[in-house]
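User: I would like to go through this model by way of its packing, with each term explained as it comes up.

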Amino acid sequence: MNAQEQAPAALEARIAKQLASPIGDEVRAFAATLGEAAGARAVLFYGSNLRTGSLDGVLDFYVLLPGNQIERIWPRVSYHEREIAGGAITLRAKVATMSLAAFAKAAAGELTDTTIWARFVQPSALIWTSDGAARADVMAAAAQAAMTAARLAAALGPETGNAEDYWRALFQATYKAEFRVEKAGRENDILSVNAEHFAGLLPLALAAQGIAFERDGERLTPHLPEAARARTLAWWSKRRRLGKPLNFLRLIKASTTFDGAARYAAWKVERHTGMPVEVTPFREKYPLLAAPSVLFALWRHRRQG
């Protein structure tokens, strides 16, 4: 195997190791239930609970379906609960659902979406698949996400710098392109808590797509030809302009199609304020219409407190 063949293989091995991160049986069982119920090809687990191993809070899953993407605005979001330990513990999950085909295209930067490759260049775990072909497809998509992100990082970052300088430039740009509630400097948090994951990833992802670079200790100098840089920046300019409108459309859709929204909101309110919220049939069916009464009750609860 020559050097050109070795580079993609090295990235794929790195991605495969990350996706095989050890996960607790409780989370794997939850993912299997979600995947089988949806007739999915695969389920990815990501977010802070992946890093900490905690079962508290909300677990984050992506459920990837077979076939073509039907909904034009994706993913579809839902909330699920699962009791374990004889009902003593309740697991909670926020689930994003979309087709694996659309996921792969988005990861490769073929769609206007920025959320998939920016999210899945970060740590995730492939914790359920329907078969070996699905596992291979998800691994290939995750490798594409790393390459898409690395290419843009090289175009946005300095002429020469540490790998963190390039990742920081990337995440600063992607956060600005979306509606985000995180505080400024969120990109530094991502890099610090996931330092082991990002260590050595940039050169692997650059080499896998034939982007040459020089290395001097910890410093990298990517050799991205001017024509390639211009194409990449033009590609990003379009996605940056469409980022907020697309994000807004997804928020609007989620406000009307979020399965289990009332239960999710009730749990969040009680967790953060201590005020129990009864999930009535009306609130379950019409969460937006029910919101004013819940907000009024919360206002009274805080005044009395």
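Analyst: Axes here are lines fitted to C-alpha atoms, for helices over the stretch in contact, and angles run from 0 to 180 degrees between N-to-C directions. Helices (H or I, at least four residues) and strands (E, at least two) are DSSP runs, numbered from the N terminus. This is a predicted model, in which local features need pLDDT of at least 70 and side-chain atom pairs count only at pLDDT 80 or more, while totals for chains, interfaces and linings use all residues. Residues are numbered from 1 along each chain as its sequence is written, and side-chain values use heavy atoms, with hydrogens and water left out.

User: How do the axes of α6 and α7 cross: roughly parallel or roughly perpendicular?

Analyst: The two axes come within 8 Å and cross at roughly 100°. Angles under 35 degrees count as roughly parallel, over 145 as roughly antiparallel, 65 to 115 as roughly perpendicular and the rest as oblique. The crossing therefore makes α6, relative to α7, roughly perpendicular.

User: Which helix gives the largest share of the largest nonpolar core?

Analyst: A nonpolar core is a set of buried Ala, Val, Leu, Ile, Met, Phe, Trp, Tyr and Cys residues joined through side-chain atoms within 4.5 Å, where buried means under 20% relative accessible area, exposed over 50% and partly exposed in between (1.4 Å probe, protein chains only). The largest such core has 56 residues, of which Y62, F103 and W167 touch the most other members. Its largest share, 13 residues, comes from helix α6.

User: Is D60 buried or exposed?

Analyst: D60 lies in strand β2 (residues 59-65). Leaving aside neighbours within four places in sequence, D60 is in contact (heavy atoms within 4.5 Å) with L44, F45, Y46, G47 and K94. Because its relative accessible area is 15%, D60 counts as buried.

User: Where do the buried residues of α8 lie around its axis?

Analyst: In helix α8 (residues 186-193), the buried residues are E187, I190 and L191. The arc, taken from the directions from the helix axis to the C-beta atoms, is only 90° for these residues, which puts them on the same side of α8.

User: Which strands stand at the edges of the sheet with the order β6-β8-β7?

Analyst: In this open sheet of 3 strands the pairing is antiparallel, and two strands pair if DSSP finds at least two bridges between them. Each edge strand has a single partner, so one side of each is left without a neighbour in the sheet; these strands are β6 (161-162) and β7 (212-216).
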